[in-house]
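Trainee: Got a minute? I'm new to this one and could use a walk through it.
Mentor: Sure, let's bring it up and go piece by piece.

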Amino acid sequence: MKKTTFPIKGMHCASCAVNIEKALTGTPGVKGANVNFALAKATVHYEEGRIDEMGLHAVVEKTGYKVPTHEQMHEMSEDHMMHGEMKTALRRALIAFLFGIPTLILAMSEIDLSGEILGINLSMWVQALFSSIVVLWPGMEFHRMAFKLALRARANMDSLISMGTLAALGFSWWQMFVRGGLYFETAAIITAFILLGRYFEARSKGKASEAISKLLELGAKTAHRVVKEGQTEDVPVESLKVGDHVIVKPGEKIPLDGLVLFGSSSLDESMLTGESMPVSKKPGDMVYGATMNQQGALTVKVQTLSGNTVLAQIVRLVEEAQQKKAPIQKLADTIGQRQMA
């Protein structure tokens, strides 16, 4: 059984995450799948002999969404991707309001512009043109996704938006020629406000991703591993193993959770507990990854790997909270239990 986590682009609502989860869980070889809409990521447990990561990516893309390649992820960081989504969403919303507001004003005030084309007042033509631009240009993302889902006999919020706005637009075009009631402003303004909501949604997701990124940045990147008596080597934290001895000098961060073997010092654990007062540490005491050593040098025996530290658990709980709204008290309890151990 293997586990993989990969990003997904193109999700716009909770039903998108549900559709992807159903597609993944219904795939032979997949034992479980969880799609985090807030973080735009999927975590999948699968049998390696029956399906691989490329196969999982193909399932997501067949559902109508995109999985960035490793090259794209290296070229553009996650923060930049989120920032790019925010800029795109904002640009679409601004274009929609730029053409939607004049459409609303002309419709609500019943302004008649001088001149006619085919016996129809210019005001109606302007409404028709501007509304069509809004629905078919910045609003095209709704119709594109609705079409992809319709081919697979599925639907989500994009399907409803697409059906509603296209119906209002198409009916208004027909009514314009038969001298009936027009609903151009309805199609334009609905599209504009939903696109504005998409922008706020993208900004919220960006802040969630930023919060987790900042938590991850708290951890140390390298450690002084003891190789022989009196000799150390600088290694990435990820390469440390349980039982390794590391030297932590004053002003450096504890690389991983561990037990103090030699030395005494005071540690700043405010990033875990919120307590600003330094905590004294001596041989036999537990220390936690990402906390700051303030005074003396410490020799620490690594007790946990990078994926099981208190900091790693905080990151996982924050990710769960983004999706499941897990109680924040659970996070505090985890920290308290580890400190009492």
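Trainee: What's the strand order in the open sheet of six strands?
Mentor: This is a predicted model, by the way. The order runs β7-β6-β8-β14-β9-β12, and the pairing is antiparallel.

Trainee: And which are the edge strands?
Mentor: Those are β7, residues 231-236, and β12, residues 286-287; each pairs on one side only.

Trainee: How many bridges join β9 and β14?
Mentor: Four, in the antiparallel sense, between residues 258-262 of β9 and 298-302 of β14. If you want a spot to click on, Gly-258 has Val-302 in β14 as its bridge partner.

Trainee: What comes after β14, say around Thr-309?
Mentor: Thr-309 sits in the loop between β14 and α10, which covers 310-324.

Trainee: Is Thr-309 buried or exposed?
Mentor: Buried: its relative accessible area is 5%, and the cut-off is under 20%. Its side chain also reaches the backbone nitrogen of Ala-312, at 3.1 Å.

Trainee: Changing topic: how many aromatic pairs are there?
Mentor: The count is eight. Take Phe-97 and Phe-193: their ring centres are 5.2 Å apart and the planes meet at 85°, so that pair is edge-to-face.

Trainee: Where in the chain do those two come from?
Mentor: From distant parts: Phe-97 belongs to helix α4 (residues 78-109) and Phe-193 to helix α8 (residues 184-217), with their positions 96 residues apart. Phe-97 is buried at 19% relative accessible area, whereas Phe-193 is partly exposed at 49%.

Trainee: How are the rings of Trp-173 and Phe-184 arranged?
Mentor: They are edge-to-face too, with 6.1 Å centre to centre and 85° between the planes. Trp-173 is in helix α7 (residues 157-178) and Phe-184 is in α8, 11 residues apart. Trp-173 counts as partly exposed at 28% relative accessibility, while Phe-184, at 0%, counts as buried.

Trainee: Which residues do ring pairs link into a cluster?
Mentor: Trp-125, Trp-173, Phe-177 and Phe-184.

Trainee: Now the inside. Which residues touch the most other members of the largest nonpolar core?
Mentor: Ile-8, Met-11 and Leu-24, out of 25 residues in that core. The elements giving two or more residues are α1 (14-25), β2 (30-36), β3 (41-46), α2 (53-62) and α6 (140-151). The largest share, five residues, comes from α1.

Trainee: What does Ile-8 touch?
Mentor: Leaving out residues up to four places away in sequence, Ile-8 touches Ile-20, Val-35, Ala-40, Ala-42, Val-60, Tyr-65 and Lys-66. Apart from the largest core lies another one, of 15 residues, including Ala-223, Leu-256, Leu-298 and Val-300.

Trainee: Why would such side chains end up together?
Mentor: In soluble globular proteins, nonpolar side chains tend to be buried together.

Trainee: Back to α2, then. Which of its residues are buried?
Mentor: Leu-56, His-57, Val-59 and Val-60. They span an arc of only 155° around the axis, so they sit on the same side of α2. What covers them includes β1 (2-7), α1, β2 and β3.

Trainee: Which exposed residues are on the face turned away from the buried side?
Mentor: On α2, that face carries Met-54 and Lys-62.

Trainee: What's up with the phi of Gly-64?
Mentor: Gly-64 comes just after α2, and its phi is positive, about 115°.

Conventions: Residues are numbered from 1 along each chain as its sequence is written. This is a predicted model: local features need pLDDT of at least 70, side-chain atom pairs count only at pLDDT 80 or more; totals for chains, interfaces and linings use all residues. Side-chain values use heavy atoms; hydrogens and water are left out. Two strands pair if DSSP finds at least two bridges between them. Rings of Phe, Tyr and Trp (its six-membered ring) pair if their centres lie within 6.5 Å; planes under 30 degrees apart count as stacked, over 60 as edge-to-face and the rest as tilted. Buried means under 20% relative accessible area, exposed over 50%, partly exposed in between (1.4 Å probe, protein chains only). A nonpolar core is a set of buried Ala, Val, Leu, Ile, Met, Phe, Trp, Tyr and Cys residues joined through side-chain atoms within 4.5 Å. Contact means heavy atoms within 4.5 Å. A polar contact is a pair of N or O atoms within 3.5 Å; within protein, one must be able to donate a hydrogen and the other to accept it, and residues adjacent in sequence count only if both atoms are side-chain atoms. The arc is that of the directions from the helix axis to the C-beta atoms.
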